[in-house]
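The following paragraphs give a guided reading of a protein model, taken one part at a time. Please keep the sequence and the coordinates at hand.

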Amino acid sequence: MLVIGADGEKLGVMSPKEAMKLAIDRNLDLVKIAPGATPPVCKIMDYGKHRFEQAKREKEARKNQKTVEIKEIRLSLNIDTHDFETKGNHAKKFLSQGNKVKVSIRFRGREMGHPEIGLDTMSRFAEFCSDVSSIEKPAKLDGRNMLMFLAPKAGK
């Protein structure tokens, strides 16, 4: 097997016994890095320190990840202009923070007979937020609810 020293220099090809003796003499561990290679590559290192540094790197990577939340905005079928603009501004704020927005309209009673009004409201809302968002899933009637998903624009 090909053996690499603790500071990265090649020690050459040797038997596993010799490599193990060398590692024990230096008070370190012998770790197989590439067992599939010919000859297999081993490195003399402090394995505990290696695992600690690896865990530290993984923790740092997890810390830098951003989780995307889905915020919900509920509209009504006969929403007034000011309420519409307020909810639109809330959605824009959520989208600019990098979150996705779920827009829903609940149809009550006889409102079920007019899904086209809900579709019109949804398209107006999508148009209102079009400068910061793109439609991820278009408006679709699901039972008594109409749902639409907006995602932040890629450039934002």
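What span should the 16 residues of α3 have at 1.5 Å a residue, and how far apart are its end C-alpha atoms? The model is a predicted one. For α3, the expected span is 22 Å, and the end C-alpha atoms are 22 Å apart, in agreement with that expectation. The buried residues of this helix are Phe 84, Gly 88, Ala 91, Phe 94 and Leu 95. Around the axis they cover an arc of only 120°, and therefore they lie on the same side of α3. The general geometry of such helices gives the background: an α-helix has 3.6 residues a turn, so residues three or four places apart point the same way. On the other side of α3, His 82 and Ser 96 are exposed. The cover over the buried residues of α3 includes β5, β6, α4, β7 and β8. After the helix comes Gly 98, with a positive phi near 95°.

Helix α4, one of the elements covering α3, may be examined in the same manner. It comprises 14 residues, 115-128, which at 1.5 Å a residue should span 20 Å; the end C-alpha atoms are 20 Å apart, which agrees. Which residues of α4 are buried? They are Gly 118, Thr 121, Met 122, Phe 125 and Ala 126. Viewed down the axis of α4, the buried residues fall within an arc of 135°, so they line one face of the helix. Among the elements that cover them are β5 (70-75), α3 (81-96), β6 (100-106), β7 (133-142) and β8 (145-152).

Two residues show the surroundings of these helices in detail. Ser 104 is found in strand β6. Is Ser 104 buried or exposed? Its relative accessible area is 7%, and because the limit for a buried residue is under 20%, Ser 104 counts as buried. The side chain of Ser 104 makes a polar contact of 2.9 Å with the side chain of Glu 72. Beyond its neighbours within four places in sequence, Ser 104 is in contact with Glu 72, Ile 73, Arg 74, Leu 75, Met 122, Met 146 and Leu 147. Of these contacts, Met 122 is one of the buried residues of α4.

The second residue, Ala 139, is found in strand β7. With a relative accessibility of 25%, Ala 139 counts as partly exposed. Residues up to four places away in sequence set aside, Ala 139 touches Leu 119, Met 122, Met 146, Leu 147 and Met 148. Met 122 is thus listed among the contacts of Ser 104 and among those of Ala 139.

Attention now turns to another part of the chain. The C-alpha atoms of Ala 139 and Lys 32 are separated by 55 Å, the two residues being 107 residues apart along the chain. The bridge partner of Lys 32 is Cys 42, in β4. Strands β3 and β4 (residues 41-45) run antiparallel and are joined by five bridges. They belong to an open sheet of four strands with the order β2-β1-β4-β3 and mixed pairing. Its edge strands, each pairing on one side only, are β2 (10-13) and β3 (29-34). From one strand to the next, the twist averages 25°.

At the other end of the strand order, β1 and β2 run antiparallel and are joined by three bridges. Val 3 has Gly 12, in β2, as its bridge partner. The two strands form a hairpin with five residues between them, and Gly 8 in the turn has a positive phi of about 95°. Helix α1 (residues 16-25) lies across β1 (2-4), β2, β3 and β4, and runs at about 130° to β3.

Two backbone features in the loops of this region remain. Most residues other than glycine have a negative phi, and most peptide bonds are trans. Asn 27 has a positive phi of about 60° although it is not a glycine. This residue lies in the loop between α1 and β3, and at 71% relative accessibility Asn 27 counts as exposed. Pro 39, in turn, is found in the loop between β3 and β4. The peptide bond from Thr 38 to Pro 39 is cis, with omega near -10°.

How values were computed
Residues are numbered from 1 along each chain as its sequence is written. This is a predicted model: local features need pLDDT of at least 70, side-chain atom pairs count only at pLDDT 80 or more; totals for chains, interfaces and linings use all residues. Side-chain values use heavy atoms; hydrogens and water are left out. The expected span of a helix is 1.5 Å times one less than its number of residues. Buried means under 20% relative accessible area, exposed over 50%, partly exposed in between (1.4 Å probe, protein chains only). The arc is that of the directions from the helix axis to the C-beta atoms. Contact means heavy atoms within 4.5 Å. A polar contact is a pair of N or O atoms within 3.5 Å; within protein, one must be able to donate a hydrogen and the other to accept it, and residues adjacent in sequence count only if both atoms are side-chain atoms. Two strands pair if DSSP finds at least two bridges between them. Axes are lines fitted to C-alpha atoms, for helices over the stretch in contact, and angles run from 0 to 180 degrees between N-to-C directions.
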